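Reader: I am new to this one and would like to be walked through it slowly. Could you put it up first?

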Amino acid sequence: MLRTRRVSYLEGLRYQGKESMLAWVLHRITGLGILFFVGTHVVAAFFLNAIGDNISKSVTLWYESTPFQIFIYFCVLYHAFNGLRLVVEDFYPPVLRYRRELLWLQWLIFLPVFGLPAFLMVLSLFSGSA
Amino acid sequence: MAQGEPMQVKLKIRRFNPETDKKRWWGHYQAEVEPTDRVLDALHYVKWHVDGTLAFRRSCAHGICGSDAMLINGRNQLACKVLIKEVGRKITVEPLLGLPVIKDLVVDMEPFFEQYRAVKPYLVNDDPPPATERRQSIEERERFDDTTKCILCAACTTSCPSFWARSDYLGPAAIVQAHRFIFDSRDQASQERLQILAESNGVWRCRNIYNCTEACPREIQVTQAVAEVKREMMRRRV
Ligand code: FES
């Protein structure tokens, strides 16, 4: 067994990584977001038609709310796009020389694909048709 | 910062002496240096003029031996390579993350070398040696040129979140060393090395975070080397 030293979360997050470290941190956060989303469904389904029917209803109401929908849309989309970038990098290592450009390209595609539907969701929320 | 003019810098250094300290603590020092001096010169100033008990490693002082990799202003760098004018007047210096601290900035490199040895970092060729050298074309040599530059300073491995999370991960430096031999046309143990790296503590722990590539003082494309090893595994279906 190796005798290494434990690195705390704080120490790790204090490390001055560049944009690709942030991309990875965001990948983890969005992954947890997706897990959380699935969790809320499980909770809602668990309480459905049981003693806590009200709990089920309020959880459903909560995850169907527009802010949560936008959050989960962000999580799924970012996780998918970032994952695809990693797949491309692993299959064609020479592109790694352009890793920064690749990351910018990812955001360039991500922003409109995320932004436009998110904007429409917010719009429909305020127009009362949500 | 005017070139060549002496200036005062503030150093905040993470200290720890296992014989007297229960916990690590921050030492605060002033050093007189020039903008074109290196962080190593500032550390020398502290050790030679302010506090002789400060411990750190260095040998060549010219970026060749890899002894003085440390966490400087939050990033792994060689103290003998980074200039004062690049880091400013406030400098924070800590030992490398993940390796046990022996004293102050000196870490125990043994876990790192253990990973290094695990990938058989030497030429394996059982054919009888030819009368002259084992020949190689320019293109064949070129294939692994980048990874021959490694000085085993551990800046890459100790900047890697996958290594922080799992100490048994072989880490980028060991993979770079493996890459150097896997793609060497004279070597005959590449399959064996790929099998070692295909284990759960091998290349698939790499999440393409690139801290290693950013930290490498020799500008080796570390993540690319790791990705090339992954690709080779897929190609050979290891
Ligand atoms: S002292 Fe040798 S690399 Fe810095």
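Author: What follows is a talk about the contacts between the chains and about some aromatic rings. This is a predicted model, in which local features need pLDDT of at least 70 and side-chain atom pairs count only at pLDDT 80 or more, while totals for chains, interfaces and linings use all residues. Residues are numbered from 1 along each chain as its sequence is written, chains are lettered from A and ligands numbered from 1 in the order in which they are written, and side-chain values use heavy atoms, with hydrogens and water left out.

Reader: How many residues of chain B are in contact with chain A?

Author: On the side of chain B there are 41 residues in contact with 28 residues of chain A, where contact means heavy atoms within 4.5 Å. The area buried between the two chains is about 3200 Å², and carbon and sulfur atoms give 54% of that; buried area is the accessible area (1.4 Å probe) that two parts lose on being put together, summed over both.

Reader: And which residues in chain B lose the most area?

Author: Those are B:Trp164, B:Tyr210 and B:Glu214, which together make up 19% of what the side of chain B buries.

Reader: How many salt bridges are found across the interface?

Author: The rule finds 6 salt bridges between chain B and chain A, counting a side-chain nitrogen of Lys or Arg within 4 Å of a carboxyl oxygen of Asp or Glu. A:Glu11 and B:Arg24 also meet through their side chains in a salt bridge, at 3.1 Å from N to O.

Reader: Which element of chain B gives the most to the side that touches chain A?

Author: That is α9(B), with 7 residues; helices (H or I, at least four residues) and strands (E, at least two) are DSSP runs, numbered from the N terminus.

Reader: Changing topic, how many aromatic pairs are there?

Author: A search of the whole structure finds 15 over all chains, and rings of Phe, Tyr and Trp (its six-membered ring) pair if their centres lie within 6.5 Å, with planes under 30 degrees apart counted as stacked, over 60 as edge-to-face and the rest as tilted. One of them joins A:Tyr78 and A:Trp107, a tilted pair at 5.7 Å centre to centre with 45° between the planes.

Reader: Where do A:Tyr78 and A:Trp107 lie?

Author: A:Tyr78 lies in helix α4 (residues 66-91) of chain A and A:Trp107 in helix α5 (residues 99-126), so the pair ties together parts that are 29 residues apart in sequence.

Reader: Is A:Tyr78 buried or exposed?

Author: A:Tyr78 is buried, with a relative accessible area of 1%, whereas A:Trp107 is partly exposed at 27%; buried means under 20%, exposed over 50% and partly exposed in between (1.4 Å probe, protein chains only).
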